[in-house]
Structure formats: structure tokens, C-alpha cells
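Work through the exercises below with the sequence and the model at hand. Each task is followed by a stepwise solution.

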Amino acid sequence: MPSLKTLRNRINSVKSTQKITSAMKMVAAAKLRRAQAQAEASRPYAKRMGEMMGALAAAEAANPNAPALLVGNGRDKTHLLLAITADRGLAGAFNGNISKHVRLQVQALEAQGKTVKIFTLGRKGNDSLRRDLDSKIIGTKNFVGKKTIDFADAEAIAQTIIGLFRDESFDVCTLVFNRFHSVMTQTVTETPLIPAAAPTANDNAAAEQNYEVEPDDGTLLERLLPRNLAVQIYAALLENSAGFYASQMTAMDSATRNAGDMIKKLSLTYNRARQANITKELIEIISGAEAV
Amino acid sequence: MPLVLEIISPEKLLLSREVDMVVVPGTEGDIGVLPGHSKLITGLRGGLVDIYENNTITDRFFVPGGFAEVTESYCAVLADGIIRQSDLDPAKAAEGVTAAKAAYDATDMNNAEAYRLATDRLISAQAMVDSISPQRADKA
């Protein structure tokens, strides 16, 4: 049985932990709102860009001289996984899920005889993956100390990726990130970046509306594709940051609740011990008085 | 039938309103868009987007480049940012041209991709300077 003093100390320390976690929950909630608003605001551009890409890609996909970014360079030997995680932890399984998925993916691809490379965005993913997959990581970038992500960041990353593609460092690039469904659920999602997703039936329907194109399909696609890549990375980064704050909020909420439970349990033990002490003292006094 | 003009940057919707006509700076020349325009996708060079209402220009915005999608009922301009023409700063614009020129001179001419980017940047910077006092007739 621990002494009353140690119990008291423990209760106090759990109380301060609870204060911290509930404050963190509040901060995460505020940041989540901002991140969600930012993600919301970026949607019109992504939507229009998607429409234009759909219309152009459907027309151009059959062309043998189509840009490599659209149809790939004809090989699929080397895969690049672009893994997006948060820069900070204390968010439940948020970052762990991405690392786990990447590890599984690496195993699956290597079982098929492919070479795998990894590019990490976000500090946590890099920290976790470099422990066992250091040799595969060809680049990393994080946003530590940045308040919000702006499009210029995404564009810089897209330029880096395109540069690597042109140097034939990889043939196929896949984006791995947490898609934000709701505050409670974020799911690990894969999106093909290079080659850009093959036009679906939906895109074909849009293409049938026949756009006139200036200057011409090919030239415009050359300009549109890097842009589209940056837009997709930007969207994923925003989903990631919204998902991170949601996940952190949930994690901190349950931590606060757990701390509450713990305080309850500890206070119960503390009160029992206190009462036992008093009873013991009373018995001692009474039996002392009787002996006289 | 009105024409809805949307100017959108990757970060947010910058402007969305109904206009009578809009003139956008396409890569192959300025394009006037009236309601009912045929479907069109075009690249944009740096230049002015002119908004016409009642046959006069009611607003002019500088765009540094981008894309535009036109249909019968709307015109969507995808640009990195817009600056109201009256807010353009000649000093900043001149600075931009100097910087772009330096970057252009430093570019490896054999690298088609980099060369194209540098050229685009120079053209866009020059367009900003030109947009401060446009020479073409303002009033229809």
C-alpha cells in the first residue's frame, strides 16, 4: 500500500497532465477549424483543374507522343512512394498508420520484383521510416515551424518530384496520405501521381463535350500536368493537416477522459487509505485508554 | 443569360460574379468572352483581365498567367493571384522584370524545360509593367 503522500503526489501529477491534454484538445480543435477552412477554399481550383485535365487527358491519352507525366515512361520497374505524415505526434495512430502502410507496400512491391524508393513529407514519417528503410529514402521535406502550408510549398515539392522523374530516378509515383473523412475517421489513401490517373468513363463524358483548346492539346498539357501534380500534392497536404488536428483532438479527448478515470480511482484509494489510518489511530487510542 | 466570371487561385476563390463580358489574355491573343461562348480551354499569359459591364470596363485585374476554362455560362480563370490594376506598383513591377531577366540570363538554354519557365516568368514580369499603363483603347 503506497503512503498517503505518494498517492497525493500522483493525483496532483495526473491532474496537471489532464490540464495539459485538455488544453491541447482545445488548441487542436481551433486549428482543425482553420485547416478545414483552408481545405475547403482550395476545392474550387482543384475541381476546375480536374475538369480541364479530364477533357485534355482523354483526348491525348491515345496519342503516342503524349507527355510522359500523363501516360508514364513505359516502364514500371521503380516505384516511388510519396508518404505524407504530420510533423508532430500525440495524435493517436495517425502517423503510425502511414508508416505501417508504407512498410506493407514496400514488401508487396518488392515481392513483385520492383525497386522501391521513398520520399517523405513530414518529420514523423521520416523519423519512423528511416529506422529500417533508410536506404530507400531518397528525399524528405518537413514543415516544422510553419503555421500554414501554402501552394508555393506544394509547387516546390512537385518540381522536385518532376525533376527526379526526368532524371529517371523512378517510373511510377504514388502518393500515400491520410484522407480526412470526418473528425473521427481518417483513412490511409493511395493516389497515383505519375502516370496521372487513366481517364475514367466520367472523364470521357466530359471530353465528349468537345472543348476547343488553345494553343493545342499537347502544349497546354505540358503546362497543365506539373500544375496538376502540385494541386494534388497541395490537396493531400491540406487533408493531412486537417486529419492530423482531428486525430490529435480525438487522442487528446480520450487522454483527458482517461486522466479523469485515473484521478477517480486514485482518489478512491487515497480516501480508503486515509480512513484506514484514522480507524487505526482510533483503535490505538481506545485500546490504550482501556489498558489504563 | 449572364456570364459568371470566376477567378480562382489554388488557395481560394478570389472572385465570383456576374459580368456582361470579360476579356482574358490568352497565350495566342486576347479573348473576349460573352455569354454563350463555345467551350474553350486556353493557357493564359500575364496580362489584364478586363470586366465589362454596360459596355464599359468596370474592373481590371492583372493575372501573372495560368489557365482559363470557358463554357456557355461561365468563365473560370485559374491564376496564382490577382492584383487590381490600380494597385499595381511600378517599382515592384520593375524589380520583378530585373529579377526575371537575371534568372533568364542565368538559365541553361539547352534545358528546354527551364528555358520555358524562365521565358514565361520574364514575359509575365514584363506584362506587369505594361499593364500599369495599357496602351490599347480602354473605352469601347
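Two strands pair if DSSP finds at least two bridges between them; strands (E, at least two residues) are DSSP runs numbered from the N terminus. The model is predicted: local features need pLDDT of at least 70 and side-chain atom pairs pLDDT 80 or more, while totals for chains, interfaces and linings use all residues. Residues are numbered from 1 along each chain as its sequence is written, with chains lettered from A and ligands numbered from 1 in the order in which they are written.

**Exercise 1.** Find which residue of strand 5 of chain B stands opposite Glu212(A).

Solution. Start with strand 6 (residues 212-214) of chain A, which is joined to strand 5 of chain B by three bridges. The two strands run parallel. Within strand 5 of chain B, the residue opposite Glu212(A) is Leu40(B).

**Exercise 2.** Describe the side of chain B that touches chain A.

Solution. Count contacts first (C-beta atoms, placed from the backbone, within 7 Å): 19 residues of chain B meet 24 residues of chain A. Next, list the elements that give two or more residues to this side of chain B: strand 5 (40-44), strand 8 (66-70) and strand 9 (74-79). Strand 5 of chain B has the largest share, four residues.

**Exercise 3.** Locate the domains of chain B and their contact.

Solution. An automatic or database domain assignment sets the bounds: domain 1 is 3-85 and domain 2 is 86-132. Domain 1 of chain B gives 10 residues to the contact, and domain 2 of chain B gives nine. On the domain 1 side, strand 6 (47-53) and strand 10 (83-84) of chain B each give two or more residues. Over C-alpha atoms, the domain centres are 22 Å apart.

How values were computed
Two residues are in contact if their C-beta atoms, placed from the backbone, lie within 7 Å. Ala, Val, Leu, Ile, Met, Phe, Trp, Tyr, Cys and Pro count as nonpolar, Asp, Glu, Lys and Arg as charged, and the others, Gly among them, as polar.
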